[in-house]
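Reader: I should like a close look at a single part of this model, set out in formal terms. Please begin with one residue and then place that part in the context of the whole chain.

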Amino acid sequence: MTVPILWAVLLEPLAIAPRFEIVQAHHITLVYGANPEEWAHLLGSEFAVRIVAEAWNERIQALRLQLPQGIPCTNAIPHITVSHLREVEPVESNTMLATSHQEIPLDETVKVQIALRLRGMEYGI
């Protein structure tokens, strides 16, 4: 069974170099297990996200974000997973950001568009 995901897809490439072999760097998970009807009004919305820091440990790299007011996010720390080791799942960014890691402050923005990922398909773009 596929879980619907409300996410914000990057509309432009990141200017951050990946630190690990597997590169993700294409979306922000906003609501995992989203009810499509509840979030339909946001689909296709475009906005800028502020990148406040690059964070990493020995396994995974992510960008810590500041989302605009009114944009939902069920992750404790909004982020973009940039890269990770082959044996690491991208969801590990959540744990890394909540525990000990290295971090460099940043002040950049990136444009994104809200979409719904369902069964490998994206809606709203």
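Author: Lysine 111 belongs to strand S7, which covers residues 102–118. This is a predicted model, and the description below should be read in that light. Beyond the residues up to four places away in sequence, lysine 111 touches Val9, Leu10, Leu11, Glu12, Phe47 and Ala48. A further relation links lysine 111 to arginine 50: the two are 61 residues apart in sequence, while their C-alpha atoms are 9.1 Å apart in space.

The pair formed by threonine 2 and leucine 65 may be set beside this one. Threonine 2 and leucine 65 are separated by 63 residues in sequence and by 27 Å in space, again from C-alpha to C-alpha. Threonine 2 is located in the segment before strand S1 (5–10). With a relative accessible area of 38%, threonine 2 is partly exposed.

The contacts of the chain as a whole give the context for such pairs. Of the contacts between residues at least 6 apart in sequence, 72% join residues at least 24 apart. The protein chain contains 2 helices and 8 strands, and from the N terminus on these elements follow the order β-β-β-α-β-β-β-α-β-β.

Another part of the chain that merits attention is centred on serine 83, which is placed in strand S6 (residues 79–84). The relative accessibility of serine 83 is 0%, and therefore this residue counts as buried, the limit being under 20%. The side chain of serine 83 has two polar partners to report. One is the side chain of glutamine 61, with which it makes a polar contact at 2.6 Å. The other is the backbone nitrogen of arginine 19, which lies 3.2 Å from a polar atom of the serine 83 side chain. When residues up to four places away in sequence are not counted, serine 83 touches Pro18, Arg19, Phe20, Ile22, Val23, Gln24, Ile60 and Gln61.

Serine 93 can be described in parallel. Serine 93 sits in helix H2, which comprises residues 92–98. Its relative accessibility is 0%, so serine 93 counts as buried. Apart from neighbours within four places in sequence, serine 93 is in contact with Ile60, Gln61, Ala62, His79 and Thr81. Ile60 and Gln61 thus appear in the contact list of serine 83 and also in that of serine 93.

A backbone feature is found at alanine 25, in the loop between strand S2 (22–23) and strand S3 (27–32). Although alanine 25 is not a glycine, its phi is positive, at about 50 degrees. Alanine 25 is partly exposed, its relative accessible area being 22%.

The overall dimensions complete the account. For 125 residues, a compact globule would have a radius of gyration near 14 Å, and the value of 14 Å for the protein chain agrees with this. The C-alpha trace spans about 40 × 35 × 25 Å along its principal axes. Buried residues account for 43% of the 125 residues. The accessible surface comes to about 6,900 Å², and carbon and sulfur atoms contribute 51% of that area. As to charge, the chain carries 8 positive and 14 negative charges, and the mean positions of these two sets are 1 Å apart.

Notes
Residues numbered from 1 in each chain as written. Predicted model: local features only at pLDDT ≥ 70, side-chain atom pairs only at ≥ 80, totals over all residues. Heavy atoms only, no water. Helix = DSSP H or I, 4+ residues; strand = E, 2+ residues; numbered from the N terminus. Rg over C-alpha atoms; globule rule 2.2 N^0.38 Å. Buried < 20%, exposed > 50% of the residue type's maximum accessible area, 1.4 Å probe, protein only. Contact = heavy atoms within 4.5 Å. Areas by Shrake-Rupley, 256 points an atom, 1.4 Å probe, with all protein chains shown as cover. Lys, Arg positive; Asp, Glu negative; His and termini not counted. Charge placed at Lys NZ, Arg CZ, Asp CG, Glu CD. Polar contact = N/O pair within 3.5 Å; in protein donor to acceptor, adjacent residues only side chain to side chain.
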